[in-house]
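Trainee: I would like to learn how to read a model of this kind feature by feature. Could we take the general idea each time, and then turn to the case at hand?

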Protein chains: 2
Amino acid sequence: MLSAENRQIRLARRPVGEVGPEDWEHVTEPAAAPGEGRFAGRTRFLSLDPAMRGWLDDRPSYLPPVGLGEVMRAGSVVEITESNHPDFGIGDLVVGLFGVQEHVVSDGKGALRIDPAVAPPETYLGALGMPGMTAYFGLLDVGALKEGETVVVSGAAGAVGTMAGQIAKAKGCRVVGIAGGAEKCALLTGELGFDAAIDYRAENVRKALRTQAPDGIDVYFDNVGGEILDAALASLAMHARVVLCGAISQYNATAVQGPANYLSLLVRRARMEGFVVFDYAPRFKEAAREIGGWIADGRIKTLEHVVRGTVDDFPRTLQMLFRGENTGKLVLELV
Amino acid sequence: MLSAENRQIRLARRPVGEVGPEDWEHVTEPAAAPGEGRFAGRTRFLSLDPAMRGWLDDRPSYLPPVGLGEVMRAGSVVEITESNHPDFGIGDLVVGLFGVQEHVVSDGKGALRIDPAVAPPETYLGALGMPGMTAYFGLLDVGALKEGETVVVSGAAGAVGTMAGQIAKAKGCRVVGIAGGAEKCALLTGELGFDAAIDYRAENVRKALRTQAPDGIDVYFDNVGGEILDAALASLAMHARVVLCGAISQYNATAVQGPANYLSLLVRRARMEGFVVFDYAPRFKEAAREIGGWIADGRIKTLEHVVRGTVDDFPRTLQMLFRGENTGKLVLELV
């Protein structure tokens, strides 16, 4: 074992509104040894996801809430340091929901070995991980995207947004991204090849959408909710699909703002549909193969925002997501 | 010609909030004679529909707004009194969008001859008319209803609601209706055969839905919007379909209340979809045949709320819809 101690971040209380440092407990435990059929490892990269905010609330959702006093749930890349498991060996890198802690013991359930020769480990938390899968199935399956359509993505500079926009481009669509700030917008239309970007901090989104999607939006991929969802609803094309992926603008709100323009779904014969990426687990390999191909031929750029630190930096790193401070997939690399 | 005069109701101004008597102009014109290829007739029954409120606002929708000074758009049953049209003869009864006026001249476009031996004329404005078609295609096509599912209908005692609930029963579903008042609820569970009814004026709809749809709602057919839509969203089953038919609680509101629980669509992998019945015109005959069969074998009861009066009674009769004062299809019979 690399360390006799295991530093962990546990949920101390249920946040009201914005999640803050006072909602977490920093704990040090002895690092456990792996029993029969188990492996142990050290966490190399922690995933930070907007969905985490939802996991902290005590209400029924697609996953049970994180319990008070429990280690915070998180995806991570773990390097195996000790193994009594037939399928995993020392030095292997695996991804899984191992939680916010330095040291992991696992029976291997839900652990997936990754190949760092194909892509850097952190990419398996982004483009080749849940955000990539979310963008892929949200657009292609829920959104039923067709070549030549107009796609608008909100939260476009985030982990899922950067992937959704690039996948839509790879599928031959016109893509408009909505993001906060000139820098993010320049990235979208520059390196990432979006056709247009709207800076919601500087522009009237509703007007800008009318300019950038003059014939209406065929697929709106929503990561943010709130005013921007309403602006998109006002610009739908006939038979549009609104893909509900998330609502980061509402996660810290004590009262969710419902989309006042929802009746546009009626006038436009459109639908709004939600999904949960875990339902697509049987098809993850298929998606990873196609995304991997696009990465290999340069059509998709992977984008990780790596913060280096310790598990103790998890609380303040998580806040970056809700302040729009990350570009691409936010990852905490443990050093 | 029966009369040398044609009394009409024209739109005097665009209502703000609730539509009232001051928004209309009562006009008398000379009754026109039908030219070549046209027929003339007198209006027997006028249809009153919640959708009319939307037609009065000056914003893009599925039909152009009624223009200021124009005869109010309305479906009606007209008896032909004079004809220079090869397909229509004196005494024929036709349905069409002939407007709120006593006397009609038409080139026959959009006019459909009805058979009063099959059903009374007013039924062609209800169960065999647009409300019936709306319920049929909304449930079966948009809602993709399957036998054995749990269906909840709001505005259940209205023209569309009574049909939606009965069609769902005919298709072998458990049906819960939401309506205002004990009398309407008794009608639903009595004569109309609903499995349960919730009186939104007397009950907490959210709690009542949990009792009446303990495994969740598979199809929610929404005619009302507002709080009731939010209550239904909180009770969706996995893969539920929310059919947006209307939002009568919001039509007179100056600011629409968006559904704050819309993220339940995400957690439940559910969809919310709008539609416009006119899109299904090529399939109206197919629907009328099936509905006609259900009426004939007693599985569906037709229900019209007939007010007798003159076109001058149109404004106050229309208000009944928004005050929940009608049960079944609201019709103004001109006497």
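**Strands, symmetry and packing**

Mentor: Let us begin with a pair of strands in this predicted model: strand β12 (residues 236-244) of chain A and β13(A) pair in the parallel sense, over four bridges. Within chain A, A:Arg241 stands opposite A:Arg271 of β13(A).

Trainee: In which sense do β13(A) and strand β13 (residues 271-274) of chain B pair, and over how many bridges?

Mentor: In general, the strands of a sheet pair through backbone hydrogen bonds, either parallel or antiparallel. Here β13(A) and β13(B) pair in the antiparallel sense, over three bridges, and the bridge partner that A:Glu273 finds in β13(B) is B:Arg271.

Trainee: What is the order of the strands in the open sheet of twelve strands?

Mentor: The order is β10(A)-β9(A)-β8(A)-β11(A)-β12(A)-β13(A)-β13(B)-β12(B)-β11(B)-β8(B)-β9(B)-β10(B), and the pairing is mixed. The edge strands are β10 (196-199) of chain A and β10 (196-199) of chain B, each of which pairs on one side only, while the twist from one strand to the next averages 15°. Helix α4 (residues 182-189) of chain A lies across β9 (174-179) and β10 of chain A, and runs at about 170° to β10(A).

Trainee: By what turn and what shift along the axis can chain A be laid on chain B?

Mentor: Two copies of a chain are related by a rotation about an axis and a shift along it. In this model a turn of 180° with a shift of 0.0 Å along the axis lays chain A on chain B with an RMSD of 0.0 Å, which is the relation of a two-fold axis. Of the residues of chain A, A:Gly258 comes closest to the rotation axis, its C-alpha being at 2.1 Å.

Trainee: How many residues of chain A are in contact with chain B, and which element gives the most to that side of chain A?

Mentor: There are 25 residues of chain A in contact with 25 residues of chain B. Both α7 (264-267) and β13 (271-274) of chain A supply at least two residues to the side of chain A that touches chain B, and β13(A) gives the most, with four residues. By class, that side of chain A has 16 nonpolar, four polar and five charged residues. Because 100% of the interface residues of chain A are also interface residues in chain B, the copies meet through the same surface.

Trainee: How should I read the packing of α2(A) and α8(A): are they roughly parallel or roughly perpendicular to each other?

Mentor: Two packed helices are described by the angle between their axes and the distance between the axes. Helix α2 (residues 130-142) and helix α8 (residues 284-296), both of chain A, pack at an angle of about 95° with their axes 10 Å apart, and are therefore roughly perpendicular to each other. The contact is made by A:Gly132, A:Met133, A:Tyr136 and A:Phe137 of α2(A) together with A:Phe284, A:Ala287 and A:Ile291 of α8(A); by class it has six nonpolar residues, one polar residue and no charged residues.

Trainee: Where is B:Ala144 found, and what is its phi?

Mentor: Most residues other than glycine have a negative phi. B:Ala144, however, has a positive phi, near 45°, and is found in the loop between α2 (130-142) and β8 (150-154) of chain B. B:His239, which is not a glycine either, has a positive phi of about 60°, but lies in strand β12 (residues 236-244) of chain B.

Trainee: How many C-beta neighbours inside 10 Å does B:His239 have?

Mentor: B:His239 has 13 such neighbours inside 10 Å and therefore counts as partly exposed; B:Ala144, with 15 other C-beta atoms within 10 Å, is partly exposed as well.

Definitions and conventions
Residues numbered from 1 in each chain as written. Chains lettered and ligands numbered in written order. Predicted model: local features only at pLDDT ≥ 70, side-chain atom pairs only at ≥ 80, totals over all residues. Least-squares fit on C-alpha atoms with pLDDT ≥ 70 in both. Contact = placed C-beta atoms within 7 Å. Buried ≥ 20, exposed ≤ 12 C-beta atoms within 10 Å, placed from the backbone. Axes fitted to C-alpha atoms, helices over the stretch in contact; angles between N-to-C directions. Parallel < 35°, antiparallel > 145°, perpendicular 65-115°, else oblique. Nonpolar A, V, L, I, M, F, W, Y, C, P; charged D, E, K, R; others polar. Pairing = 2+ DSSP bridges.
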